[in-house]
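Q: I'm new to this one, so could you take me through a single spot up close and then show me how the rest fits around that spot?

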Amino acid sequence: SLSIGIVGLPNVGKSTLFNALTKTGNALAANYPFATIEPNVGIVGVPDERLPKLAEIFGSARILPAKVEFVDIAGLVKGASEGQGRGNQFLANIRDTDAICQVIRVFSDPDVTHVDGEISPKRDIETINTELIMADLQTVEKAIPRLQKEARNNKDKKAALEAAEGALKVLETGKTIFESGLDGEELRELHLLTAKPFLYVFNLDADELADAELRQRLAELVAPAEAVFLDAKIESELVELDDDEALELLQSVGQEESGLSQLARVGFETLGLQTYLTAGPKETRAWTIRKGATAPEAAGVIHTDFQRGFIKAEVVSFDDLVEAGSIAKARSLGKARIEGKDYVMRDGDVVEFRFNV
Ligand code: GDP
């Protein structure tokens with residue numbers, strides 16, 4: 001499944017945040033048969049108000065939300081791109097993820113030293129991005145001579161060479177590929193780290209969290225990438241509490257939703273994902289698909305046999321279903337459509353697949 005790598009300098013609150021992610025992940029995984037959780041993976045359910053409504057209509061016994069997987073990528077230090085620390089391992093691990101989430105320290109606890117002496121979100125972001133950009137520069141500088149050779153004998157390789165040269169220009173100015181907006185199949189084949197979508201988690205103290213002006217300034221530092229603001233210490237407390245107590249603690253610091261929930265939602269969007277829904281007496285469930293996925297591809301997320309044996313899908317939009325009040329009523333109102341293999345799924349489709357096995 002798709003995953004988001006969590007990176008950050010030492011002492012910014014990564015472990016604190018990651019422990020909270022793992023705790024909610026283990027609780028969630030108990031609901032998913034066959035889910036195995038690796039020690040460096042944390043899973044968060046994507047909050048979705050549609051699920052309880054659907055569960056009510058179908059009398060579902062349980063609700064399974066979509067999930068986002070976070071991977072702890074340890075070992076980012078200055079010089080990682082030159083093999084400092086566990087540099088090479090670090091780069092290999094991060095290459096396997098689909099997006100990069102940077103944890104940035106804003107909290108100013110004098111008992112927790114900062115690797116570079118003082119607190120500066122802007123400098124820390126630059127430090128991390130510089131390492132990622134340097135690693136990409138090495139990749140591109142290695143690729144260009146090879147592509148030049150290949151392009152001499154094969155016209156088709158010209159586009160790949162041009163993509164690499166375009167990337168080199170961007171990286172040399174100290175920008176990430178993500179920032180530059182460069183894209184394309186040839187570029188993707190280079191597997192550059194900074195071509196992945198970025199998102200940022202700012203780890204603040206409770207009083208800083210309440211400071212709208214500060215949050216605005218930090219958001220501007222990273223725009224157009226998304227920013228999530230949280231207090232990792234509070235997040236680690238929240239996962240120990242039951243729902244009512246958790247809400248009370250959140251409200252006491254002026255928040256309505258936990259940082260982990262916000263992170264799951266923003267992560268989901270950053271990955272370009274959407275959900276479709278299935279519902280019955282046993283469970284109401286959100287399934288994760290890429291935007292643009294067809295009906296058979298969506299069926300394949302449930303089981304590969306469903307994709308192979310796909311015949312058709314009965315689809316009702318969530319809004320139509322809620323308005324009708326039941327699936328039978330939606331059918332009689334003509335709101336339930338039969339869709340074939342070319343149907344492109346929409347977010348919030350409530351689906352029942354018909355298939356041969
Ligand atoms: P890592 O090196 O990035 O994994 O950082 P840790 O999660 O181990 O955190 C380093 C220290 O900072 C620990 O003593 C944490 O308790 C503390 N810490 C983490 N998040 C916060 C926070 O939001 N506020 C404060 N005051 N301390 C924090």
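A: Let's start with Gly184: is this residue buried or exposed? Gly184 has 13 C-beta neighbours inside 10 Å, so it counts as partly exposed; being buried would take 20 or more, and being exposed 12 or fewer. Keep in mind that this is a predicted model. You'll find Gly184 in the loop between helix 6 (177-180) and helix 7 (185-188). Now look for Ala159: along the sequence it is 25 residues from Gly184, and in space the two C-alpha atoms are 9.9 Å apart.

Now zoom out to the whole chain. It folds into 16 helices and 12 strands, and its C-alpha trace spans about 65 × 65 × 35 Å along the principal axes. For 357 residues, a compact globule would have a radius of gyration near 21 Å, and the chain has 23 Å, which agrees. As for burial, 38% of the 357 residues count as buried. Take the contacts between residues at least 6 apart in sequence: 67% of them join residues at least 24 apart.

Next, go inside. In soluble globular proteins, nonpolar side chains tend to be buried together. Here the largest nonpolar core has 89 residues, and Ile6, Val201 and Phe202 touch the most other members. Helix 4 (residues 121-153) gives the most to this core, with 7 residues. Val201 is a good one to click on: leaving aside neighbours within four places in sequence, it is in contact with Cys101, Val103, Ile104, Val228, Leu230 and Leu263.

Two of those partners, Val228 and Leu230, lead us to strand 7. How many of the residues of strand 7 (residues 226-230) are buried? It's 5 of the 5, so the strand is largely enclosed by the rest of the structure. Both of its faces are covered, with Glu226, Val228 and Leu230 buried on one side and Ala227 and Phe229 buried on the other. Strand 7 runs parallel to strand 6 (residues 198-203), and 5 bridges join the two. One place to spot that pairing is Asn203, whose bridge partner in strand 7 is Leu230.

For a contrast, try helix 11 (residues 243-252). It's hardly covered: the count of buried residues among its 10 residues is 0. Just after helix 11 comes Gly254, which takes a positive phi of about 75 degrees.

There's another set of strands to find further along. Strand 10 (residues 310-317) pairs with strand 12 (residues 349-355) in the antiparallel sense, over 7 bridges. Within that pairing, Val316 has Val350 of strand 12 as its bridge partner. Strand 10 also pairs with strand 11 (residues 337-339), again antiparallel, over 3 bridges. Here Ala313 is matched with Glu339 of strand 11.

Last stop, the ligand. Which of the 16 residues around the ligand come nearest? They are Gly13, Lys14, Ser15, Thr16 and Asp109. Helix 1 (14-29) and helix 10 (232-238) each supply at least two residues of this shell, and helix 1 gives the most, with 3 residues. By type, the shell divides into 5 nonpolar, 6 polar and 5 charged residues.

Terms used: Residues numbered from 1 in each chain as written. Predicted model: local features only at pLDDT ≥ 70, side-chain atom pairs only at ≥ 80, totals over all residues. Near = placed C-beta within 6 Å. Helix = DSSP H or I, 4+ residues; strand = E, 2+ residues; numbered from the N terminus. Nonpolar A, V, L, I, M, F, W, Y, C, P; charged D, E, K, R; others polar. Core = buried A, V, L, I, M, F, W, Y, C linked by C-beta atoms within 7 Å. Contact = placed C-beta atoms within 7 Å. Pairing = 2+ DSSP bridges. Rg over C-alpha atoms; globule rule 2.2 N^0.38 Å.
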